[in-house]
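Student: I've got this model open and I'd like a close look at a single part of it, the sheet. Could you walk me through how it is put together and what surrounds it?

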Amino acid sequence: MQAAIDIAERHQTPFGAVLAMGDEIFVEAANQTRQLHDPTAHAEAMALRKLGEHLKKTDFSGFTLYTTCEPCPMCTSAAIWAKVDTIVYGAGIPAITEFMPQISLRAKTVCEHSFKQVNVIHGFMEQECAQLLQKFG
């Protein structure tokens, strides 16, 4: 998670993500919606795209997605389609909505209605991630 926080800090955004297998980080990404003029360029989506390019495949079984903030339904769905095993996030949607509008559909709920079981771990390094919202939100 610290790597996700670090990439968010470097890009001056509350949203950073990394994809890792075990202790090895394969890719990192930050939200780039404004820079790319792309409303889908969320940190999680950018990390998934980078990993696909790196591995030359779309099945990310065995990978964990670490993200500073709870992924939106689009990013959660993308992680499901990519067959990510686990999503770990810091600040939840209720915390995010204090700083910006969000779609209030929780990642765990999206995963519960999925064809693939994805483990969702919430509140990991929550304070540190919430500080990114306060700083850049």
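Tutor: Here is a walk through the sheet, strand by strand, and then through what packs on it.

Keep in mind that this is a predicted model. The sheet is an open one of five strands, in the order β2-β1-β3-β4-β5, with mixed pairing. The edges belong to β2 and β5 (119–121), each with a single partner strand, so one side of each has no neighbour in the sheet. From one strand to the next, the twist averages 15 degrees.

Let's start with β1, residues 16–21. Five of its six residues are buried, so the rest of the structure largely encloses this strand. On one side β1 runs antiparallel to β2 (residues 24–30), and six bridges join the two. If you want a pair to click on, Val18 stands opposite Glu28 in β2. The hairpin of β1 and β2 has two residues between the strands, and Gly22 there takes a positive phi near 65 degrees.

β1 is also joined to β3 (residues 64–69), by four bridges, and that pair runs antiparallel too. Here Leu19 has Leu65 in β3 as its bridge partner. Both turn up again in the largest nonpolar core: out of its 40 residues, Met1, Leu19, Phe60, Leu65 and Val84 touch the most other members. Helix α3 (residues 43–55) supplies the largest share of this core, five residues. That fits a general trend: in soluble globular proteins, nonpolar side chains tend to be buried together.

Moving along, β3 runs parallel to β4 (residues 86–91), with five bridges between them. Thr67, for one, has Tyr89 as its bridge partner in β4. As for the helices, α3 packs on the sheet, where it touches β1, β2 and β3, and its direction makes about 135 degrees with that of β2. Phe60 is a good residue to show in this area: leaving aside neighbours within four places in sequence, its contacts are Leu48, Leu51, Gly52, Leu55, Ala82, Lys83, Val84 and Asp85.

Then there's α7, which lies across β3 and β4 and runs at about 60 degrees to β4. To see how β3 meets its surroundings, pick Thr68, which is found in that strand. Its relative accessibility is 0%, so Thr68 counts as buried. Apart from neighbours within four places in sequence, Thr68 is in contact with ten residues you can select, Met1, Ala4, Ile5, Pro14, Phe15, Gly16, Gly90, Ala91, Cys129 and Leu132.

Some of those names come back where two helices meet. Helix α1 (residues 2–10) packs against α7 (residues 126–136) at an angle of about 10 degrees, with the axes 10 Å apart. That angle makes α1 roughly parallel to α7. From α1, Ile5, Ala8 and Glu9 meet Glu128, Cys129, Leu132, Lys135 and Phe136 in α7. Sorted by class, this contact has five nonpolar, no polar and three charged residues.

One last stop is Cys75, in helix α4 (residues 73–81). With 1% relative accessibility, Cys75 counts as buried. Beyond neighbours within four places in sequence, Cys75 is in contact with His42, Glu44, Ala45 and Leu48, and Leu48 is also among the contacts of Phe60.

Note on methods: Residues numbered from 1 in each chain as written. Predicted model: local features only at pLDDT ≥ 70, side-chain atom pairs only at ≥ 80, totals over all residues. Heavy atoms only, no water. Buried < 20%, exposed > 50% of the residue type's maximum accessible area, 1.4 Å probe, protein only. Pairing = 2+ DSSP bridges. Axes fitted to C-alpha atoms, helices over the stretch in contact; angles between N-to-C directions. Parallel < 35°, antiparallel > 145°, perpendicular 65-115°, else oblique. Contact = heavy atoms within 4.5 Å. Nonpolar A, V, L, I, M, F, W, Y, C, P; charged D, E, K, R; others polar. Core = buried A, V, L, I, M, F, W, Y, C linked by side-chain atoms within 4.5 Å.
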